[in-house]
Amino acid sequence: MQLSIKRSFSIVKTGVFSAKDNCFSSTNKPIIIFLHGYHCDRRVFIRQKEYFSTWYDCKDIDLKGFGDNRFMPKPYSLDDYADDLILYVKDNCKSLPIIVAHSFGARVVVKALDKGLKISKLVLTGSAGLMPRFNVKRFAKKVVFKTFKG
């Protein structure tokens, strides 16, 4: 029997994130983790969480320094945020999660993936500061274009 109780939330505070998770989350649903951008908090994904909660176990978290998780023991680097995300996934996800990340959250996820985070799918929106790998052919085309541009 599945329990489906909307708008029944509890605040879960770990050493890493502050998260509002459904009290009665189904363990057989795939997990989606929503990561917000800089100067935002988990509330930016409230509509998406409501929509997808029918099919997924949705987790929206506040990165350190934002929302309900404002306390920071030290200034955080991108590596620190990535380490926190890896720890959160390890401690709170029984299966590989799907991650939906916006802006700064996307940078955190990409860094965490580089550090070994395992996920099933990734959705990036407005991903800031993600550069393609250097490609000689692409670079040469760009130089030729800029040289003969007019």
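Me: What is the accessible area, taken together, of the nonpolar patch formed by Val-110, Leu-113, Leu-122 and Leu-124 on the surface?
Reply: In this predicted model, Val-110, Leu-113, Leu-122 and Leu-124 form a nonpolar patch on the surface. Their accessible area together is about 250 Å².

Me: Which elements each supply at least two residues of the nonpolar patch?
Reply: One contributing element is a helix spanning 104–114, and another covers 121–125. Leu-124 of the patch is found in strand β6. The elements that each supply at least two residues are α3 and β6.

Me: Is Leu-124 buried or partly exposed?
Reply: Leu-124 has a relative accessibility of 32%. Buried means under 20% and exposed means over 50%, with partly exposed in between. Because its value is 32%, Leu-124 counts as partly exposed.

Me: Which residues gather in a patch of positive charge on the surface?
Reply: One member of the patch is Lys-142, whose place is in helix α4, residues 136–147. The residues that gather there are Arg-138, Lys-142, Lys-146 and Lys-149.

Me: In what order do the elements of the protein chain run from the N terminus on?
Reply: The protein chain has 4 helices and 6 strands. From the N terminus on, the order is β-β-β-α-β-α-β-α-β-α.

Me: What share of the contacts with a separation of 6 or more comes from residues 24 or more positions apart?
Reply: The protein chain has 150 residues, of which 35% are buried. Among its contacts with a separation of 6 or more, the share from residues 24 or more positions apart is 61%.

Definitions and conventions. Residues are numbered from 1 along each chain as its sequence is written. This is a predicted model: local features need pLDDT of at least 70, side-chain atom pairs count only at pLDDT 80 or more; totals for chains, interfaces and linings use all residues. Side-chain values use heavy atoms; hydrogens and water are left out. Patches are made of residues with over 30% relative accessible area and no salt bridge: like charges are joined within 9 Å, nonpolar side chains (Val, Leu, Ile, Met, Phe, Trp, Tyr) within 5 Å. Accessible areas come from the Shrake-Rupley method with a 1.4 Å probe; for residues, only the protein chains shown count as cover. A salt bridge is a side-chain nitrogen of Lys or Arg within 4 Å of a carboxyl oxygen of Asp or Glu. Lys and Arg count as positive and Asp and Glu as negative; His and the chain ends are not counted. The place of a charge is taken as NZ of Lys, CZ of Arg, CG of Asp or CD of Glu. Buried means under 20% relative accessible area, exposed over 50%, partly exposed in between (1.4 Å probe, protein chains only). Contact means heavy atoms within 4.5 Å.
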